[in-house]
Amino acid sequence: MSRAKAGGSEGEPGAVTGLLASEYRIEDLAHASGATVRTIRGYQDRGLLPAPERRGRANVYGPAHLGRLRQIAGLLHRGYTLASIKELLDAWDTGRGLGGVLGLVAEVHGPWTDERAGRITRDQLAAKFGGAADDRAIDEAIELGVLERLPGGAEEFGVPSPQELAVAAELYASGVPLTAIAAQLRELRGQVEQIACRFLEFTTEHVFARYLGHRPPTDADADDAASMVRRLRPLAQQTVDVELARAMRRFATSHLEAHLAADTPGGTLTAARNEVSVSLPASTIDAVERLVGPGGVGAFIAAASEREVNKRTLDSLVPPAHGD
């Protein structure tokens with residue numbers, strides 16, 4: 001793409017001639033990269049983008065500038081700040097490799113499940129949920145990420161997790177209102193995020209700290225960390241699956257006993273083994289009610305207590321650190 005045009009670069013007077021096909025004025029670089037002229041200048045001011053070549057009164061950019069802009073855009077899309085991106089790029093510019101780090105980034109941002117995303121039409125949604133499309137429910141599902149809008153119309157939606165949508169449809173068919181399903185998903189998501197955060201802190205402290213001692217890590221350490229991510233990725237889900245099944249059996253049994261006891265004439269069933277009554281401050285009960293609602297107070301407090309017991313059990317298995 002030849003840029004032999006009259007008119008100076010970046011608003012300067014004069015002719016810009018003799019540009020190669022791989023050379024750009026700033027306006028052309030912005031068009032090729034998808035960035036704005038203002039963004040490109042901002043990156044230059046921050047030191048994220050090398051200075052252009054000066055030819056007379058014109059600034060000329062090359063393939064390296066375009067490649068750098070695409071790298072920055074990819075890292076921003078993955079949630080990295082400009083400050084952290086600058087650290088990575090500075091390390092690369094001083095001779096340390098970036099390939100291993102980008103491989104680690106790709107591994108962490110890759111799929112954490114074997115499930116494949118799908119699509120569903122508005123008519124198919126209506127058939128699954130009562131026979132009539134509910135625009136408000138669809139908007140809430142999009143807000144929650146259960147559905148995604150697709151370009152080109154509102155008659156078809158992306159489904160990031162067909163399993164999650166199938167669970168919602170089954171609950172609705174069993175008589176659970178859509179509003180209650182959405183509220184439960186929000187609550188569950190918050191609790192699962194706490195589990196994910198704890199697992200990440202645990203593995204970072206005991207596994208990944210050794211690979212992330214440098215900022216950014218060396219290529220070799222980044223490669224090792226990416227391999228460890230692949231090994232440990234399924235462990236969190238497997239652990240949650242096992243513990244959820246155990247907890248569901250325990251609480252389902254307890255609930256069933258309570259309901260049967262209420263209908264048993266002349267007596268009640270024996271309380272679950274080791275079950276005790278505990279007095280808590282009213283302020284604590286009020287805080288839990290605000291968080292999970294009145295119906296979830298008992299289950300929340302029991303789960304929180306068990307989580308603390310499990311955490312202390314895990315901590316007790318880790319040998320104490322020894323000073324050098």
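1. Let me start with the hairpin strands. In this predicted model, arginine 149 has phenylalanine 157 of S5 as its bridge partner. Strand S4 (residues 148–149) pairs with S5 over two bridges, in the antiparallel sense. S4 and S5 form a hairpin with six residues between them. If you are checking backbone torsions, look at glycine 152 in that turn, where phi is positive, at about 100°.

2. On its other pairing, S5 (residues 156–159) is joined to strand S3 (residues 118–121) by four bridges, and these two strands run antiparallel. Two of the partnerships are easy to find by residue: threonine 121 is the bridge partner of glutamate 156 in S5, and arginine 119 stands opposite glycine 158 in S5.

3. Which order do the three strands take in the sheet? The order is S3-S5-S4, in an open sheet with antiparallel pairing. S3 and S4 stand at the edges with a single partner strand each, so one side of each has no neighbour in the sheet.

4. Now to a pair of helices. Helix H7 (residues 135–144) packs with helix H9 (residues 178–206) at an angle of about 10°, and their axes are 11 Å apart. Angles under 35 degrees count as roughly parallel, so H7 is roughly parallel to H9.

5. Who makes that contact? From H7 come Ala137, Glu140, Glu143 and Leu144; H9 brings Leu178, Ala182, Leu185, Arg186 and Arg189. Sorted by class, the contact of H7 with H9 holds five nonpolar and four charged residues, with no polar ones.

6. Last, a look at the rings, which may interest you as a chemist. Arginine 250 lies over the face of phenylalanine 251, 5.3 Å from the ring centre. For ring-to-ring pairs, with centres within 6.5 Å, the count comes to one aromatic pair.

Note on methods
Residues are numbered from 1 along each chain as its sequence is written. This is a predicted model: local features need pLDDT of at least 70, side-chain atom pairs count only at pLDDT 80 or more; totals for chains, interfaces and linings use all residues. Side-chain values use heavy atoms; hydrogens and water are left out. Axes are lines fitted to C-alpha atoms, for helices over the stretch in contact, and angles run from 0 to 180 degrees between N-to-C directions. Angles under 35 degrees count as roughly parallel, over 145 as roughly antiparallel, 65 to 115 as roughly perpendicular and the rest as oblique. Contact means heavy atoms within 4.5 Å. Ala, Val, Leu, Ile, Met, Phe, Trp, Tyr, Cys and Pro count as nonpolar, Asp, Glu, Lys and Arg as charged, and the others, Gly among them, as polar. Two strands pair if DSSP finds at least two bridges between them. Rings of Phe, Tyr and Trp (its six-membered ring) pair if their centres lie within 6.5 Å; planes under 30 degrees apart count as stacked, over 60 as edge-to-face and the rest as tilted. A charge sits over a ring if NZ of Lys or CZ of Arg is within 6 Å of the ring centre and within 35 degrees of the ring normal.
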